[in-house]
Amino acid sequence: MKRRHFLASLAAAATVPRLSWADAGSPAFLAAAKAPDGSYAIWGLAADGTQIFSQPLPGRGHAATAHPERPEAVAFARRPGVFALVIDCVTGGLVARLTPPEGRQFNGHGAFSGDGTRLYTSEVVAEGSEGRIGIWDVARGYQRVGEFASNGIGPHEILRLPGQEVLVVANGGIQTDPTDRTPLNIETMRPNLSYLSPEGEVLEVVELEPDLWKNSIRHLSVRSDGRVAFCMQWQGDLMEPVSLLGLHDRGRKAVLAEPLPGEEFAMKGYAGSVAFGRAGREVAITSPRGGMVQAYSAEGEALWSVRRADVCGLGVCAQGGFTATDGAGLVSQITRDGITPFKRSDVAWDNHLIPIGV
């Protein structure tokens, strides 16, 4: 009798439909925001900026990552952070709250394995900012099961290469005070782009030339063929014109893109987000400090730019160009022809637009 009941329960479980992102309203992006009352939340946005769902956060959010199959998202605190919330995007319920080990801090980003069984989180050892990648077992309720070195100081964004179990990590190179993020090693910082196996083996490292070691590698976008775009934040003299966008294919030398003539200082040394456009033919970076979006070809040729105050979040737009968010609550399409508003709300969008289903 017990065996028959067991087999019947297995059969019943097999017939239960598995929820997908369609059950959560088919959002295109995840984005953190601040409401007028000072509260924070993570939002699911449609491709046209329509707000599909939201989940309150206990503090300021930074970025998120979406499960590759089921409608779950992990929202990360702004660095240095001590919370990451796993959210059921259908019910709005809290699946799990992740806390880094003692003496560690989340650094704003994470990525799932291709099959969704593991979550990798960008972390630092609070004292010294040595980088770690935390490993969490999704099937066991997001239990932490291990970690490995990020191969650098101050890792920030981490992505998985499409169709591969290879992680690419933006090691910013900046050691910071664990309480207030004050930089402590600007004169000796050494950023890198590291490719790591799921076990932490260093597969490849990209370093900038010594005169660019103050260019902190921060955020990433990956094209379907594995080409990586990385954007940077210059910690040196703002009167020095430096590239803020790099492009890299494994096994080759990185290409640093130069802006249009006359725009060498327009970004004020700060790129906040980066994204490939439709079909990967263009790539763009944003600067909330400079109030500008700069677009390049996928080979690094400067193409066009658009000005928009406090713009930062950036993603591919299905209609062409890019979808962008800003601190004034606008979600818009940005192309070489200018800005087409999608939706305006009373929230202040934070740093990033995180794609779902990529």
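Author: A strand is a DSSP run of E that holds at least two residues, and strands are numbered from the N terminus. The model discussed here is a predicted one.

Reader: In which strand does H219 lie?

Author: One looks for the strand whose residue range takes in this position, and the range 215-222 does so for H219. The strand with that range, and the one that holds H219, is β16.

Reader: Is H219 buried or exposed?

Author: The relative accessible area of H219 is 3%. A residue counts as buried when that value is under 20%, so H219, at 3%, is buried.

Reader: Which residue has a side chain joined to that of H219 by a polar contact?

Author: Leaving aside neighbours within four places in sequence, H219 is in contact with several residues, including H62, H109, H156, Q233 and V274. A polar contact requires a pair of N or O atoms within 3.5 Å, and a side-chain pair of H219 stands at 3.4 Å. The partner in that polar contact is H109.

Reader: V274 is one of the contacts of H219, so to speak of its strand, which residue in β21 stands opposite V274?

Author: V274 belongs to strand β20 (residues 273-276), where S273 and A275 on one side and V274 and F276 on the other are all buried. This strand pairs with β21 (residues 282-287) in the antiparallel sense over 4 bridges. In β21, the residue opposite V274 is I285.

Reader: Which residue in the turn between β20 and β21 has a positive phi?

Author: The two strands form a hairpin, with 5 residues between them. In that turn a positive phi of about 65 degrees is found at A279.

Reader: Which strands stand at the edges of the open sheet that includes β25 and β26?

Author: This sheet has 4 strands in the order β24-β25-β26-β27, with antiparallel pairing. An edge strand has a single partner, so one of its sides is left without a neighbour in the sheet, and this holds for β24 and β27.

Reader: What is the bridge partner of T323 in β26?

Author: Strand β25, residues 322-326, is joined to β26, residues 330-335, by 4 bridges, and the two run antiparallel. In β26, the bridge partner of T323 is Q333.

Reader: How much space lies in the second largest pocket?

Author: The pocket is lined by 32 residues, and those closest to its centre are R78, R181, Q233, Y270 and R289. Elements that give two or more residues to the lining include β16, β24 and β25. The space in this pocket is about 650 Å³.

Technical notes. Residues are numbered from 1 along each chain as its sequence is written. This is a predicted model: local features need pLDDT of at least 70, side-chain atom pairs count only at pLDDT 80 or more; totals for chains, interfaces and linings use all residues. Side-chain values use heavy atoms; hydrogens and water are left out. Two strands pair if DSSP finds at least two bridges between them. Buried means under 20% relative accessible area, exposed over 50%, partly exposed in between (1.4 Å probe, protein chains only). A polar contact is a pair of N or O atoms within 3.5 Å; within protein, one must be able to donate a hydrogen and the other to accept it, and residues adjacent in sequence count only if both atoms are side-chain atoms. Contact means heavy atoms within 4.5 Å. On a 1 Å grid over the protein atoms alone, a cavity is a set of points where a 1.4 Å probe fits but cannot get out, and a pocket is an open set with protein on both sides within 12 Å along at least five of seven lines; lining residues have an atom within 4 Å of a point. Grid points are joined across faces, edges and corners, and a volume is the space filled by probe spheres set on the points.
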